[in-house]
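Work through the exercises below with the model open. Try each task before reading its solution.

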Amino acid sequence: MVEASLIPLPTVPSKIHFVDGLAVVVSVNYRRSPEHRYPCAYDDGWSALKWVTTRPWLQSGKDSKVHVYLAGGGSGGSIAHHVAVRAVESGVEVIGNILLHPMFGGQRRTESEMRLDGKYLVTIQDRDWYWRAYPFQKETIEIVRLATSLGLEV
């Protein structure tokens, strides 16, 4: 495997790994909270995906397409999910997602959340702390409150 380091900007990958001529693994240098507010990490992931899909040297010889899988662990898994959703909405092809312990949540408890509390990596108390610590902008918090007051699931 050969590794190439790139300029550490959030809009381009920070590292590219060449794996025996069969695959290219691109690591994204996304901005992290609390210094950078939501949704900048998702935007950085989207910028990296757009960057990858516009590199002619990453295209397959057979069909001249870039074949992309998104992957991430923890918050990176959540970012990969949201980037994939944005890709679908924008017509960008992503073959699949590899999500390792992505963090998803909401204000309402699910049956499995209560049943599995403390049996795996995090507890409900942990998830509640993550939810409170997530640096939403004030406008986002107001939107969530309004949607909840209207009976909409957030």
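Three exercises follow, all on a predicted model.

**Exercise 1. Check the length of helix 1 (residues 40-53) against its expected span.**

Step 1: Helix 1 has 14 residues. Step 2: At 1.5 Å a residue, the span should be 20 Å. Step 3: The end C-alpha atoms lie 20 Å apart, which agrees.

**Exercise 2. Determine how covered helix 1 is, then trace its part in the largest nonpolar core.**

Step 1: Apply the cut-off for buried, under 20% relative accessible area. Step 2: By that test 11 of the 14 residues are buried, so helix 1 is mostly covered. Among them are Cys40, Asp44, Trp46, Leu49, Trp51 and Val52. Step 3: Turn to the largest nonpolar core, which has 16 residues. Leu49, Val52, Val68, Leu70, Ile79 and Val83 touch the most other members. Step 4: Helix 1 and helix 2 (75-90) are the elements that give two or more residues to this core. Helix 1 gives the most, with 6 residues. Step 5: Take Leu49 and set aside its neighbours within four places in sequence. Leu49 is then in contact with Val68, Leu70, Val83, Ala87, Val92 and Val94.

**Exercise 3. Which residues make the nonpolar surface patch of about 410 Å², and why can Ile98 qualify on accessible area?**

Step 1: The patch is made by Tyr69, Ile95, Ile98 and Leu100. Step 2: Locate Ile98 in strand 5 (residues 96-100). Step 3: Patch residues need over 30% relative accessible area. Ile98 has 44%, so Ile98 passes that cut-off. Step 4: Ile98 is classed as partly exposed.

Technical notes
Residues are numbered from 1 along each chain as its sequence is written. This is a predicted model: local features need pLDDT of at least 70, side-chain atom pairs count only at pLDDT 80 or more; totals for chains, interfaces and linings use all residues. Side-chain values use heavy atoms; hydrogens and water are left out. Patches are made of residues with over 30% relative accessible area and no salt bridge: like charges are joined within 9 Å, nonpolar side chains (Val, Leu, Ile, Met, Phe, Trp, Tyr) within 5 Å. Accessible areas come from the Shrake-Rupley method with a 1.4 Å probe; for residues, only the protein chains shown count as cover. A salt bridge is a side-chain nitrogen of Lys or Arg within 4 Å of a carboxyl oxygen of Asp or Glu. Helices (H or I, at least four residues) and strands (E, at least two) are DSSP runs, numbered from the N terminus. Buried means under 20% relative accessible area, exposed over 50%, partly exposed in between (1.4 Å probe, protein chains only). The expected span of a helix is 1.5 Å times one less than its number of residues. A nonpolar core is a set of buried Ala, Val, Leu, Ile, Met, Phe, Trp, Tyr and Cys residues joined through side-chain atoms within 4.5 Å. Contact means heavy atoms within 4.5 Å.
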